[in-house]
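Visitor: I'm new to this one. Could you take me for a close look at a single part, the place where the protein meets the DNA?

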2 protein chains.
Amino acid sequence: MKSYCEPVDLKVGTVLCQAGQPFRYAYFPIVGTISLTETLAGHEPLETDSIGNEGMLGSALVLNIKHAPQTAVVQTPLQALRFRAKQMPTALRSLPSLLGALQRYLYASMVEQSQTTGCIHFHEVARRLAKALLLAQDRANSNHLPLTHQHLADTLGVRRSAVTIAAIKLQRDGIIRYSRGKISILDRERLENSSCRCYQASVENYAKALL
Amino acid sequence: MKSYCEPVDLKVGTVLCQAGQPFRYAYFPIVGTISLTETLAGHEPLETDSIGNEGMLGSALVLNIKHAPQTAVVQTPLQALRFRAKQMPTALRSLPSLLGALQRYLYASMVEQSQTTGCIHFHEVARRLAKALLLAQDRANSNHLPLTHQHLADTLGVRRSAVTIAAIKLQRDGIIRYSRGKISILDRERLENSSCRCYQASVENYAKALL
DNA sequence: GGGTCTCTGTACGATAGCGCACTGATACTA
DNA sequence: TAGTATCAGTGCGCTATCGTACAGAGACCC
């Protein structure tokens, strides 16, 4: 597998694929987060799923489809392995176990999408923020997340001021600390309690896909 | 293909598969609608996608996965063809064109999921109601839809009273008429104008998958 | 060291939809 | 025909979040 891959370092905001456009590469994150986003007229892109070292971008290639179902953007600084989308058929032939792995992962991402839809609709900003921070921490391998309130607001699909209010509460409770685009997680356990169950569900869902 | 299938008539509320449980059958709707739903603790099931004669239930079987990513429920009276999930491998072998068709459809349903997530989050109940009615009409082949406000509220993930208020507006404008669980579409064109763009996007998305 | 930009705190009226409860009307049932 | 259940209209206080705007504080640039 590794022989197909090259390591890359990518900056926040880099667009890795566009909805409806062909994939150029598939990406396997090592550190950092990729956002999958949906853009509706008149709104900022909304994050409908995110990808870290538990997953990959490009599993739809296993459907023998060259196009990306969603736009993918680097959300926090990303170290990843990538390989050319065109090599997918070759890779699948020479690595029989890859097919099943991609299929299971694609299935998990469908489950996740659905879960996320409900989460976004039913759960309050404060809980969704906590979930987002937990996922970001898992993927950054660090307590220090380079995320501004505005950035989080966009991915959550809410106003910046709504994020600020939720963040203030978390900070006042000693769960996080932040300043000018740097967020630190101080008390992970209580952050999990502040989050909706969707965080736990998400972790378990993707863990199952790796079996 | 037909040799694998048997026709069935199913009542509203019939559960066709449960999230995380094995598929027993795949379904090809002829008339009527299937809801794909996500259930979060403390909330009614939320419709995250729906299926009519343009599509099928069970495309995830093409991933060689036996389980359903979402729960599927009959939303309006359903005539469909179904075939045993276990026959999928055989069917795929004997019908080479089926594989590609299922793959394209699965891809389209991923695109749709993502679109729906944004729609549910950003668009008002009134527009989402219009979209739901348009889709239901397409699939029912009839202007007369057996849907109560409560039923619509549940699938949209809102209160019944919110649906009533939106429905009253549509009725007052002569776009629909309804009474006790029977809704008639009077002016489809204006209903489309009342809907968000997501309706049109959805139709086009699934149409592309059939090419 | 001064200017500029970015990030965060805050305020506040506006709005959509919640949550709930009550009512009358229609349809079904005995 | 009376009794019951379902469905839709309505009211109302409540809450989360919107939408917008302004100001202070830290970071960056020259």
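Guide: Here is a walk around the surfaces near the two DNA strands, with a word on the two chains beforehand. The model is predicted, so to speak, with local features needing pLDDT of at least 70 and side-chain atom pairs counting only at pLDDT 80 or more, while totals for chains, interfaces and linings use all residues. Residues are numbered from 1 along each chain as its sequence is written, and chains are lettered from A and ligands numbered from 1 in the order in which they are written.

A turn of 180° with a shift of 0.0 Å along the axis lays chain A on chain B at an RMSD of 0.0 Å (a least-squares fit on C-alpha atoms of residues with pLDDT of at least 70 in both). The two copies are thus related as by a two-fold rotation axis. In chain A, A:Thr117 has the C-alpha nearest that axis, at 2.5 Å.

Now for DNA strand C: 19 residues surround it, where near means a C-beta atom, placed from the backbone, within 6 Å. Among the closest are A:Thr148, A:His149 and B:Arg159. α5(A) gives the most to this surface, five residues (helices are DSSP runs of H or I, at least four residues, numbered from the N terminus).

Over at DNA strand D, 18 residues surround the strand, and the closest include A:Arg159, B:Thr148 and B:His149. Here α5(B) has the largest share, with four residues. The surface near DNA strand D divides into six nonpolar, eight polar and four charged residues (Asp, Glu, Lys and Arg count as charged; Ala, Val, Leu, Ile, Met, Phe, Trp, Tyr, Cys and Pro as nonpolar; the others, Gly among them, as polar).

Key. Helices (H or I, at least four residues) and strands (E, at least two) are DSSP runs, numbered from the N terminus.
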